[in-house]
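Please work through the exercises below with the sequence and the structure at hand, trying each task before reading its solution.

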Amino acid sequence: MTTQDDRGAAALARAHGLFNIAGGLWPLLHMPSFEKVFGAKTDRWLERTVAGLLVGIGWTQIRAASTPGGADHARRLGMATAATLLAVDLVYVPTGRIRPTYLLDAAAEAMWLRAWRARTVRPEPPATRAGSVFAAAAALAAGCVTGGVLAGRMLRRRRRAEPDESELTRARYIRHPAAR
């Protein structure tokens, strides 16, 4: 990789890191505005956990960008994160579990994946290109399979539960003070 390629990868790592930090800080700093856009959350602890992980991932990407070989680490971390978030968005929006506004995030995650794969940012020798394609495909497939399994379980549970009982349980849970 040339010095110019190193700079491009480092700049992409920093940009993606800032994006992940911003996405993680938003629900941590102002949950009401986040919920207006992405819907009310019953498990706020989970939302805060994901937000904290995004901040940590973003910070790691930014820090790695300035170290030798760090752009490669930031790239792998960024692609795995983007593939997982993209898979979750694409699996749970159609099932109605999350709002369609998450498709905006899906588009952003797809763009990050594309940016990391772009040859202009990180040209690879032919010997390692196949490995990178495989790793990216494996990360995306793992995210999709995991999301599919979870969505299937959720749909089976919905079919088994009586509609009245399920709605009553859901209403009680949403109103429970510990959920807030």
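The exercises that follow concern a predicted model, and each task is followed by a worked solution.

**Exercise 1. The nonpolar core**

Task: Find how many residues the largest nonpolar core has, and work out which helices each supply at least two residues of this core.

Solution: Begin with the size, for the largest nonpolar core has 14 residues, and those with the most contacts inside it are Ala 13, Ala 74, Leu 113 and Trp 116. Next, turn to the helices: α1 (3-29), α3 (44-65), α4 (70-92) and α5 (102-117) each supply at least two residues of this core, and α4 gives the most, with 5 residues. Then look at Ala 74, which touches Ala 13, Gln 61, Ala 64 and Trp 116 when residues up to four places away in sequence are not counted. Finally, note that another core lies apart from this one, with 8 residues that include Phe 34, Val 91, Val 93 and Ile 98.

**Exercise 2. The packing of α3 and α4**

Task: Determine at what angle α3 and α4 pack and how far apart their axes are, and decide whether the contact includes charged residues.

Solution: The first step is the geometry, in which α3 and α4 pack at an angle of about 155°, with their axes 8 Å apart. Because angles over 145 degrees count as roughly antiparallel, α3 is roughly antiparallel to α4. The crossing of these two helices is left-handed. The second step is the contact itself, where residues of α3 including Leu 54 and Ile 57 meet residues of α4, among them Leu 77 and Leu 85. The residues of this contact divide into 7 nonpolar, 5 polar and no charged.

**Exercise 3. The packing of α4 and α5**

Task: Carry out the analysis for α4 and α5, giving the angle at which they pack and the make-up of their contact.

Solution: Start again with the axes, which are 8 Å apart, while the two helices pack at an angle of about 150°. α4 and α5 are therefore roughly antiparallel to each other, and their crossing is left-handed. In the contact, residues of α4 including Arg 75, Met 79 and Asp 89 meet residues of α5, among them Tyr 102, Glu 109 and Trp 112. The residues of this contact divide into 15 nonpolar, 1 polar and 5 charged.

**Exercise 4. A lysine in a loop**

Task: Locate Lys 41 and decide whether Lys 41 is buried or exposed.

Solution: Lys 41 is placed in the loop between α2 (31-38) and α3. Because buried means under 20% relative accessible area, Lys 41 counts as buried at 15% relative accessibility. As a last step, list its contacts: leaving out residues up to four places away in sequence, Lys 41 touches Phe 34, Glu 35, Glu 47 and Tyr 102.

Technical notes: Residues numbered from 1 in each chain as written. Predicted model: local features only at pLDDT ≥ 70, side-chain atom pairs only at ≥ 80, totals over all residues. Heavy atoms only, no water. Core = buried A, V, L, I, M, F, W, Y, C linked by side-chain atoms within 4.5 Å. Buried < 20%, exposed > 50% of the residue type's maximum accessible area, 1.4 Å probe, protein only. Helix = DSSP H or I, 4+ residues; strand = E, 2+ residues; numbered from the N terminus. Contact = heavy atoms within 4.5 Å. Axes fitted to C-alpha atoms, helices over the stretch in contact; angles between N-to-C directions. Parallel < 35°, antiparallel > 145°, perpendicular 65-115°, else oblique. Left-handed = near helix turned anticlockwise from the far one by under 90°. Nonpolar A, V, L, I, M, F, W, Y, C, P; charged D, E, K, R; others polar.
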